[in-house]
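I opened this entry to record what I looked up about ring contacts and strand order. My notes follow the model shown here.

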Amino acid sequence: MTENMNILVIHHEPDYYFQSLCSRFPELYFHRARNDQEVTERMAEIQPQILLSYRCDGVSTKAQTMAVREPCVQWVQVAGAGYDHLGDIGQISCPVSTCAGVLSKFQAETVIGAIINLNFGFFRYQQQQQEKIYRKLPWQSLEGKRLLLIGFGHIGKAVAANAHHFGMHVTAVRSSVQESPEADAVYTPDRLPELLPDADFVSLHLPYNEATYHFFDVKMFEAMKDSGYLINTARGNIVDEIALVTALREKSIGGAYLDVFSEEPLPPSNPLWELDNVLISPHYCDAVEDWRERFADFFADNLERWLKGKVLRNLLKK
């Protein structure tokens, strides 16, 4: 099965882990593609059976989508939980697996850090510091605050576990109601109109696809209370960004922490930069120092399973 097996790593920064993969599997042939041109060239030259696909700035969605649909590809491992950079996975004939859960606890750290920041008002104190203003600002404990998690996979459950350490009440929204020890209550999306007005924090953890495009729209913002905060570390286009900017400008919500945007990198002209009630990070909330290596290690373990004919971990249902 390993004879003449070619594996293509699609990533603009493969040097962090490439040699470790080569050393672990000396009988296999690993190749790198750092940009669109290299993807096209490598796919034609080596006809790889396996792809390790990182969603990255160096390679376009168009190139990734083309590569995973080539008939030579027998398996695609996504280096991450999201796979929207591959297009409609229903049109991919081979198995696709993800790294869902690998960085969940780190993303959950960032989300709870944002909640603490927004709740205590560290960003407001930063503004006062720049103006040399020494003024005490009122705040309330997180204990008893209501956290609404929309999407309840690996990341949502990790956020819920963190929130419970602070005594928060956690409500989860998912496609079907299932008992979960991480949440105090679980509902389906049709209950959002009655859940949003009670939420102090709303955190989005949905996959991005046609069904979730602008899922969080103007009606959702109108349903939130004016002291509520939105946290989006999922995908930018899950939120109607025009409605978000309006809500932040008009102070109809308390504020937001955003790690993802409708256009990335976030253009200097985007009005979000000018608002004083939003925290911004550059789509990096789960990127601990060795995140690239962690994804590569997961892939290597899955590759072992592939070579032995075992069921792959995190195999997507299409």
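**Rings and sheet**

I began with burial, and in this predicted model both Tyr 54 and Phe 295 are buried. I then looked up their geometry and found an edge-to-face aromatic pair, with 6.3 Å centre to centre and 65° between the planes. Because Tyr 54 lies in strand E3 and Phe 295 in helix H10 (residues 291-307), I note that the pair ties together parts that are 241 residues apart in sequence.

I next checked Phe 216 and Phe 221, whose ring centres are 5.0 Å apart with the planes at 80°, so I entered this pair as edge-to-face; both of these residues are buried. For the whole structure I have 13 aromatic pairs, and I noted one aromatic cluster formed by Tyr 17, Tyr 54, Trp 291 and Phe 295.

I also looked for charges over rings. The charged end of Arg 32 sits over the ring of Phe 18, 3.9 Å from its centre, while Arg 292 lies over the face of Tyr 16, at 4.0 Å from the ring centre.

Turning to the sheet, I read an open arrangement of 5 strands in the order E2-E1-E3-E4-E5, with parallel pairing. Its edge strands are E2 (29-33) and E5 (96-97), each of which pairs on one side only. Strand E1 (residues 6-10) pairs with E2 in the parallel sense over 5 bridges, and within these strands I found Asn 6 opposite Tyr 29 in E2. Last, I recorded that helix H3 (residues 61-68) packs on the sheet, where it touches E1, E3 (50-54) and E4 (75-79), and that the direction of H3 makes about 160° with that of E3.

Methods:
Residues are numbered from 1 along each chain as its sequence is written. This is a predicted model: local features need pLDDT of at least 70, side-chain atom pairs count only at pLDDT 80 or more; totals for chains, interfaces and linings use all residues. Side-chain values use heavy atoms; hydrogens and water are left out. Two strands pair if DSSP finds at least two bridges between them. Helices (H or I, at least four residues) and strands (E, at least two) are DSSP runs, numbered from the N terminus. Contact means heavy atoms within 4.5 Å. Axes are lines fitted to C-alpha atoms, for helices over the stretch in contact, and angles run from 0 to 180 degrees between N-to-C directions. Rings of Phe, Tyr and Trp (its six-membered ring) pair if their centres lie within 6.5 Å; planes under 30 degrees apart count as stacked, over 60 as edge-to-face and the rest as tilted. Buried means under 20% relative accessible area, exposed over 50%, partly exposed in between (1.4 Å probe, protein chains only). A charge sits over a ring if NZ of Lys or CZ of Arg is within 6 Å of the ring centre and within 35 degrees of the ring normal.
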